[in-house]
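Open the model in your viewer and keep the selection tool ready. We will go from stop to stop, choosing a few residues each time.

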Amino acid sequence: AFMLSRYESEFLELGHIGAGEFGVVCKCVKRLDGCLYAIKRSRRPLAGSANEQLALKEVYAHAVLGHHPHVVRYYSAWAEDDHMIIQNEYCDGGSLHDAILEKEACGELFPELELRDLLLHVSMGLKYIHSSGLVHLDIKPSNIFICQCSSAGGAGESEEEEDRGPSTGVVYKIGDLGHVTSSSSPQVEEGDSRFLASEVLHEDYSNLPKADIFALGLTVLLAAGSPPLPQNGDEWHSLRRAQLPSLPQELSPAFRSLIQTLLDPEPSQRPSASALCRQPVLRKERTG
Ligand SMILES: Cn1cc(CCO)c2c3c(c(-c4ccccc4Cl)cc21)C(=O)NC3=O
């Protein structure tokens, strides 16, 4: 079109960082402030379609959630030339899924200290989302983003400092709010079946925050080096009888049993996000 779109006039595209059926994600610099942003451009969904509902829920969730150091920050969203555009905080460390693939590629493992940071940071983000009466419903490694940069953005720089992992200074943030819904009157759009709690599969929506906790448990297992998760079948069910898969590393008994509780078949037996944030095994060991 002859008219420069807002996207083209306000941003310079530096590269593609993701693509899927949802659309394309680019790393962009905003010409005005010189800051980096992750911008997702997707075909505008058909008015009144389910996809439009999903697109709107994502923007509503960001608008309601405001700022938190462990939730990817939202800056703006708009529609133009038949596309939906959302401008979010750019996390410079890639996704946890990328990090897991890299570790596997060079035969390394996440040390337990980093697994504890991961579990603590995502628990803090979930505590915030759940305290706002919302649930994420698509917690998985490809939706958790890593900030290595010193200016990790987000509110409360000082709070950010406190949250930094002692070992790596890496900050984990929950992203992709496309499945977020109200935990009380849910219109559940199921997330990735590999991370789906069995009660949600059976349409029991009575305790959705605990479905996020279950998915977080599987996410930590993958980061600990467990083999790829089954999408269905016997293995899928045995994972949901709290039989942890064999892991390539010895985790401390305290940490291993904590992960076990996240995967409990009974949602009420799984710890809440706020209980997880208070778990001694996740608090920084005050050395010296
Ligand atoms: C594929 N991909 C890779 C990255 C980071 C690479 O270091 C990424 C980001 C986001 C998103 C994203 C997810 C869902 C909705 C909107 C966005 Cl911008 C996707 C991303 C996002 O919101 N912030 C990101 O950094």
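## Stop 1: helix 4 and helix 7

Select residues 112-131, which form helix 4, and residues 208-223, which form helix 7. Their axes come within 11 Å and cross at roughly 160°. An angle over 145° counts as roughly antiparallel, so helix 4 is roughly antiparallel to helix 7. The crossing of these two helices is right-handed.

Now show the side chains. On helix 4, pick L115, L118, L119, V122, S123, L126 and H130. On helix 7, pick P209, D212, I213, L216, V220 and A223. These residues make the contact between helix 4 and helix 7. Colour them by class: 10 are nonpolar, 2 are polar and 1 is charged.

A word of care before moving on: this is a predicted model. The mean pLDDT of the protein is 90, and 91% of its residues reach 70 or more. Where does the pLDDT fall below 50? Select residues 153-161 to see such a stretch. Beyond near neighbours in sequence, residues 153-161 have 16 contacts in the model. For the complex, the predictor gives an ipTM of 0.99 and a pTM of 0.92.

## Stop 2: helix 7 and helix 9

Keep helix 7 and add residues 253-262, which form helix 9. The two pack at an angle of about 140°, with their axes 8 Å apart. Helix 7 and helix 9 are therefore oblique to each other.

Which residues of helix 7 meet helix 9? Select I213, F214, L216, G217, V220 and L221. Across from them, in helix 9, are F255, I259 and L262. In this contact of helix 7 with helix 9, 8 residues are nonpolar, 1 is polar and none is charged.

## Stop 3: helix 4 and helix 9

Hide helix 7 and bring helix 4 back. Helix 4 and helix 9 pack at an angle of about 35°, and their axes are 12 Å apart. Their crossing is left-handed.

Select E112, L115, R116 and L119 on helix 4. Then add F255, L258, I259 and L262 on helix 9. Together they make the contact. By class, the contact of helix 4 with helix 9 has 6 nonpolar residues, no polar ones and 2 charged ones.

Look back over the three stops. L115 and L119 of helix 4 contact helix 7, and L115 and L119 also contact helix 9.

## Stop 4: a salt bridge

How many salt bridges are counted? The count comes to 10. For one pair, select E10 and K30, whose side chains meet in a salt bridge at 3.2 Å, N to O. E10 lies in helix 1 (residues 6-10), while K30 lies in strand 2 (residues 23-30). The two are 20 residues apart, and the pair links distant parts of the chain.

Technical notes: Residues numbered from 1 in each chain as written. Predicted model: local features only at pLDDT ≥ 70, side-chain atom pairs only at ≥ 80, totals over all residues. Heavy atoms only, no water. Axes fitted to C-alpha atoms, helices over the stretch in contact; angles between N-to-C directions. Helix = DSSP H or I, 4+ residues; strand = E, 2+ residues; numbered from the N terminus. Parallel < 35°, antiparallel > 145°, perpendicular 65-115°, else oblique. Left-handed = near helix turned anticlockwise from the far one by under 90°. Contact = heavy atoms within 4.5 Å. Nonpolar A, V, L, I, M, F, W, Y, C, P; charged D, E, K, R; others polar. pLDDT = per-residue confidence, 0-100. Salt bridge = Lys/Arg side-chain N within 4 Å of Asp/Glu carboxyl O.
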